[in-house]
Structure formats: C-alpha cells, structure tokens
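Hi,

Here is the structure I promised to pass on. Have a look at it first, and then read my notes below.

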Amino acid sequence: MYAIGVMSGTSLDGLDIVCIDLHVYEQQQSIQLIASKTVDYDVTFKNQLSEQCHNNSATLANITMMNAYLGKFIGEQVVQFLHENKISPQKVAFISSHGQTIFHEPLGGELEFEIPSTLQIGDISYISEVTRLPVVGDFRTGDMAAGGQGAPLLSYFDANFLHAADVGRAIQNIGGIGNVTYVPSDKQQAVISFDTGPGNVLIDSTIQKLTDGQKKFDHHGEMASEGNIYYEAIQEWMNHSYYSIPLPKTTGRELYTVSYVNDLIEKLHGASLEDMLATLTAYTVETIKHSYEKYLPLNQIDEIYINGGGSLNAFMMTLLAQAFPTKKVLPLEVLGVPAVWKEAIAFALFGYQTMLGLPNQLPSATGATREIVMGKVAYCDGNPYVRFEQLRGEM
C-alpha cells in the first residue's frame, strides 16, 4: 500500500514526487522511501508560474487556466513516475499534493473582506482525472479557517518524527523560504515553529536575473564561496519589520518579490555576482541566527538539522556552523530522513492523516484555535474512503 507525495515549493524550480510504503509506516511507524524524482520546470513554464505570484502580472484568466493546467501537468508527471518505477497504480492508496502557492496572506488587511487567506493552484480534480486515483490537497486553507496562518505545516512532521528524549533539536528547512521547528526534549514543552525569512529565494532570483536565466541556482554555493560578504548591507536589511514581529508568523514571495530583489541588487551596485551571492547567502544565515536568538530558547538547543536545498549548499552550511559554534549543525540525512525529499514525504503523511480523519497540524506552531484535519479529497472514480479501507484491509 503506497502513497504518493507531490511538492512544488516557493523556489518554483520543479516538482518533487515521492512514493512511500504505508504498510511499513503503519507496522513500524517508520518511513520507507520507495522511489523519488524531481521534475525540473523549464524556463518558460517557471516564468509563467512566477507571473501568477505577482499582482502586476497575474490575471484572473491566467490564474484559472494555470490552476487547471498545473493539475493536469502534475497528474501526467505522476503517471510517468509510476511507469518509470514499475509501481502498480492499484497499490497506490492516494496522491497527496501540496500544489503551488501563488498567494499567502497570513494577517489580512484593513477592510472587512480582507481576512487571512492563502491560495495553492494545481487543481486536484484534474490530477485525479488524469491518474484515476484519489487525490488529497488544499491543506493550508483548513488551518487558516481555524484561525491559523496555514504555515509552517512541517512542524507537525518534525514534532512527531524527529523528537529525541535526551536533546533539544531545531529542524531548519531552507527551501525558497526558511522555517524552523524547535522540538524540545521534553514533550510537555510546546513546539515552536515559524518562518525565519528567506531561504534560497533571494539567491536563486539574483543569479537567474544576472545570468539571464543561464543559471538557476548557485551549485553547492561555489560562486558565493569566491565572493566577499558586505556585512553593512546585511545589517541594514535586518531592519525589516518582519524580523521583529511576534509569533506566530509566516512569510513568502509576497515579501521577497522581484522588486525586493532589485532593491538588494541596487544596494550592492558595483559588487561582483560572487560578492552578491556571498552576501545574500550570509543574509539568509543571519536571519536564521537572529530568529533563534530572538524567539527560541537557544540554550536548550543541542542540535540543528538542515533540510531543503540549502542543505546541499556547502558554503551556507559552513556559515551556519560558524553562526552556531556550540551546536551540532548537520544535514537531516543523519537522522535517516532524506533532506531533499522531506517536504514531499511530509505531505504524503499529511494525506494519510486526512484519509483517516486525524488531525495533521500543530496549533502551537500555526496559531490555529484547535487541532483540525487539513485537506480535501477528489476522486473521479467512486468513493475514495472505501477504496482506501479496502487497500488497508489487504495489508
């Protein structure tokens, strides 16, 4: 009995697909990764997705059509993934898809209708029609309806799978956006989780802009490692209000926009590309360090584990180790969880909780008023819950 997890993150660089064995999970409460794949977005598609994330380029028509197209695209990629890995669709209990966030407003506005809200596209009915499988999706809206910020959702995974009785841990994701989950050694203590600020979004956007799309990211941080860090610029950027507002808090591309990136580049006018990447990498690390010092009981954290694309950036990992000299700073693989696939795995398990009707978020992290079951289910060929229980009964 398998589950498929699908994740498209804020970096807009591609689609992560994983298959996990739910039989192993149910029997042993452990994760067995059966297969995994990243489908890279080409430059044209990435630009089209990016346009839907910004007020000055998005239109109702394009958002609506991209919602349908992305759902169809995800479905086609899952079908190909199953074929490539010789996985029978009859063994797959469901697909769990995060979708692509194009708007996230955790605080709302001044007018009556401007309430906290979020939008992920990649319609799950299209995914189900293409794959002929049940699909779980649209997770974040449930948490926001219950008074939460719809993020960070990975705190639920971190608290349940990465707890250790003898050490305090910080699980730091560095995807497009950076977020942390503090998992105390004492389960009676509250888990704390929030977005620390930029992850790779500023680094990736800058290198793509200044190389005219010839490079998508700084491979292993090699270019940044050859540059100089402009510390005065970093201190100026740290004056942004996001880094001082109280918890709970989340952020996204709504803050780190194209104009934000352009402003950073302008302030580093005359610097080489290597200098800019070095400074932006150091800026990301500084936002993480500042967040830990301001919001977390730093003296109770023994280990810091890094996942997401940032864990592959050797230069960033070096700066993180320097920022926390008394802590162990390690990639998440050390704990047996593939750092690159963690988010897709987590959403597969969120979908499993949805199918069972069990809560799959942490109110202490998101700010929700209560535990809820996030996610909606689409299935074009019958009752998804009957099919799910039949597969469970065959295990």
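**Two helices that cross**

α12 and α14 are roughly perpendicular to each other, because angles of 65 to 115 degrees get that name (under 35 is roughly parallel, over 145 roughly antiparallel, and the rest oblique). Before you go on: this is a predicted model, where local features need pLDDT of at least 70 and side-chain atom pairs count only at pLDDT 80 or more, while totals for chains, interfaces and linings use all residues. Residues are numbered from 1 along each chain as its sequence is written, and side-chain values use heavy atoms, with hydrogens and water left out.

Back to the pair: the axes of α12 (residues 342-356) and α14 (residues 384-393) come within 10 Å and cross at roughly 105°. Axes are lines fitted to C-alpha atoms, for helices over the stretch in contact, with angles from 0 to 180 degrees between N-to-C directions. Helices (H or I, at least four residues) and strands (E, at least two) are DSSP runs, numbered from the N terminus. Where they touch (heavy atoms within 4.5 Å), Y352, T354, M355 and L356 of α12 meet P384, Y385, F388, E389 and R392 of α14. That contact has 6 nonpolar, 1 polar and 2 charged residues. Here Ala, Val, Leu, Ile, Met, Phe, Trp, Tyr, Cys and Pro count as nonpolar, Asp, Glu, Lys and Arg as charged, and the others, Gly among them, as polar.

**A closed space**

α12 turns up again in the largest cavity, giving 4 residues, the largest share of its lining. This cavity has a volume of about 50 Å³ and is lined by Y25, Y156, F157, F161, L349, F350, Y352 and Q353. By class, the lining has 7 nonpolar residues, 1 polar and no charged. On a 1 Å grid over the protein atoms alone, a cavity is a set of points where a 1.4 Å probe fits but cannot get out, and lining residues have an atom within 4 Å of a point. Points are joined across faces, edges and corners, and a volume is the space filled by probe spheres set on them.

**The sheet**

Five strands form an open sheet with mixed pairing, in the order β9-β8-β7-β10-β11; strands pair if DSSP finds at least two bridges between them. β9 (192-198) and β11 (328-331) stand at the edges with a single partner strand each, so one side of each has no neighbour in the sheet. β8 (residues 177-183) runs antiparallel to β9, joined by 6 bridges, and T181 stands opposite S193 in β9.

Cheers

Notes: 1 Å grid on protein atoms, 1.4 Å probe; cavity = no way out; pocket = protein on both sides within 12 Å on 5 of 7 lines; lining within 4 Å.
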